[in-house]
Amino acid sequence: MKESCPEKMTRRCFLENTAKLYFTIGLPSLFLDYGKAEASVNTGSGFEPAYLKLHKTGELKKRAEALWAIMESCELCPRRCGVNRHKGMSGVCQAPGTTLIISASHPHFGEERPLVGEGGSGTIFLTHCNLRCAFCQNWKIANLGRGSESNIDDFASMMLELQEIGCHNINLVTPTHYSAHILKAIDIAAERGLRLPIVYNSSGWERLEILKLLDGIVDIYLPDYKYWDSDMSAKYSEGAESYPEMTGKAILEMHRQVGVAKPAKDGIMQRGLMIRHLVMPNNTGGSEKVMEWIAGNLPKDTYVNIMAQYNPVFKAYDYPELSRRITKEEYIKVVEKAKDMGLTNLDIQGYWWLK
Ligand code: SF4
């Protein structure tokens, strides 16, 4: 990388080298030390993130404190474990008390195109997870908790570094159990110049009471809608029987807060709801029902990413019905259903690799 770069790495140089490495070693995303990058706020003209107003009034700090207090008898997510995270206790998510552990922070070029643009989605992978799916595609981070201990100041600095390097947003992966840390870090980062939209990249299984504390802070909600059937969510996600119902309600609240996702003129998303649905083998996610629900409860131009990349990893082989990739027919059936239901804003990935 050094051969073709000047001593002070520019954004252009960084992107060229990232692209070269990306195509050379074929990784979906990369962790790089981006050093002294050129400063720029890559959000398009006239954009102001939602949180800025609440930061200026002091409300953002208050909301962060309210979420922090909830961890004393933790109810940040639908598990409502009631453990005292202030005293170092862990609940189902296995987050170690209030200690913040981050796995990686980097521009991600494998996310939805309107989040990626030219500069990448500024992704921060938080460790641990409350949903604990047997087929977790990110299991080393979410279940094993692989990452490094961090603190709120460093978390804020990460956000600012991603902005400096030219990313279009701050994409917080698996944020629910760290929502208090997130708000504290945004408050610090906003004071130091953060102006990128916040992407709340969650499993969708959220409590309404907590989502209401995020109102006016999150710009883009990026929830999954994984299951239609509560027997399935209970079976594959450690007893999360309430997933279908609570996720439906959570998605409606997210839509109320940010509305339909519409990209700006340059194609970059700045605000709105973007739903993800991972098609699973043998219809374990109830994909067609999920499409019916979206079409019946949200505007027809709601952004829906129908994902084809299911891979049987982690404990998926404990369940014969989960132990293979999906077929092309399974994927196409879901896409056809979504179209039949009148959904018009579908992110349909290439599925040429499916058999
Ligand atoms: S965030 Fe973790 S500790 Fe808190 S209720 Fe959820 S699973 Fe339990």
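# Loops, helix packing and a ligand shell

Arg-132 lies in the loop between β2 (121-126) and α5 (139-142). The model is a predicted one, in which local features require pLDDT of at least 70, side-chain atom pairs count only at pLDDT 80 or more, and totals for chains, interfaces and linings use all residues. Residue numbers start from 1 along each chain as its sequence is written.

The chain contains twelve helices and nine strands. These elements are DSSP runs numbered from the N terminus, a helix being H or I with at least four residues and a strand being E with at least two. Of the 355 residues in the chain, 49% are buried. A residue is called buried if 20 or more other C-beta atoms, placed from the backbone, lie within 10 Å of its own, exposed if 12 or fewer do, and partly exposed in between. Among contacts with a separation of 6 or more, 72% join residues 24 or more positions apart; a contact requires C-beta atoms, placed from the backbone, within 7 Å.

**Three loop residues**

Most residues other than glycine have a negative phi. Arg-132, however, has a positive phi of about 60 degrees although it is not a glycine. Phe-314 likewise has a positive phi, near 55 degrees, and is placed in the loop between β8 (303-307) and α12 (328-340). Trp-205 belongs to the loop between β5 (198-201) and α8 (208-214). The table gives the surroundings of these residues.

| Residue | Status | Other C-beta atoms within 10 Å |
|---|---|---|
| Arg-132 | buried | 22 C-beta atoms |
| Phe-314 | buried | 20 C-beta atoms |
| Trp-205 | buried | 26 C-beta atoms |

When residues up to four places away in sequence are left out, Trp-205 touches Cys-77, Pro-78, Leu-131, Ala-240, Tyr-243, Met-246 and Thr-247. Pro-223 is 18 residues from Trp-205 in sequence, and their C-alpha atoms are 8.3 Å apart.

**Packing on helix α7**

Two packed helices are described by the angle and the distance between their axes. Here axes are lines fitted to C-alpha atoms, for helices over the stretch in contact, and angles between N-to-C directions run from 0 to 180 degrees. Angles under 35 degrees count as roughly parallel, over 145 as roughly antiparallel, 65 to 115 as roughly perpendicular, and the rest as oblique.

The axes of α3 (residues 59-70) and α7 (residues 179-191) come within 8 Å and cross at roughly 155 degrees. The two helices are therefore roughly antiparallel. Leu-60, Lys-61, Arg-63, Ala-64, Leu-67 and Trp-68 of α3 make this contact with Ser-179, Ala-180, Leu-183, Lys-184, Ile-186 and Asp-187 of α7. These residues comprise seven nonpolar, one polar and four charged. Nonpolar residues are Ala, Val, Leu, Ile, Met, Phe, Trp, Tyr, Cys and Pro; charged ones are Asp, Glu, Lys and Arg; the others, Gly among them, are polar.

Helix α6 (residues 152-165) packs against α7 at about 60 degrees, the axes being 8 Å apart. This pair is therefore oblique. In α6, Ile-152, Asp-153, Phe-155, Ala-156, Met-159 and Leu-160 meet His-181, Lys-184, Ala-185, Ile-188 and Ala-189 of α7. The contact has eight nonpolar, one polar and two charged residues.

**The ligand**

Of the 14 residues around the ligand, Cys-74, Cys-77, Cys-81, Gly-91 and Cys-93 come nearest. A residue is near a molecule if its C-beta atom, placed from the backbone, lies within 6 Å of it. The shell around the ligand consists of eight nonpolar, three polar and three charged residues.

Conventions
Contact = placed C-beta atoms within 7 Å.
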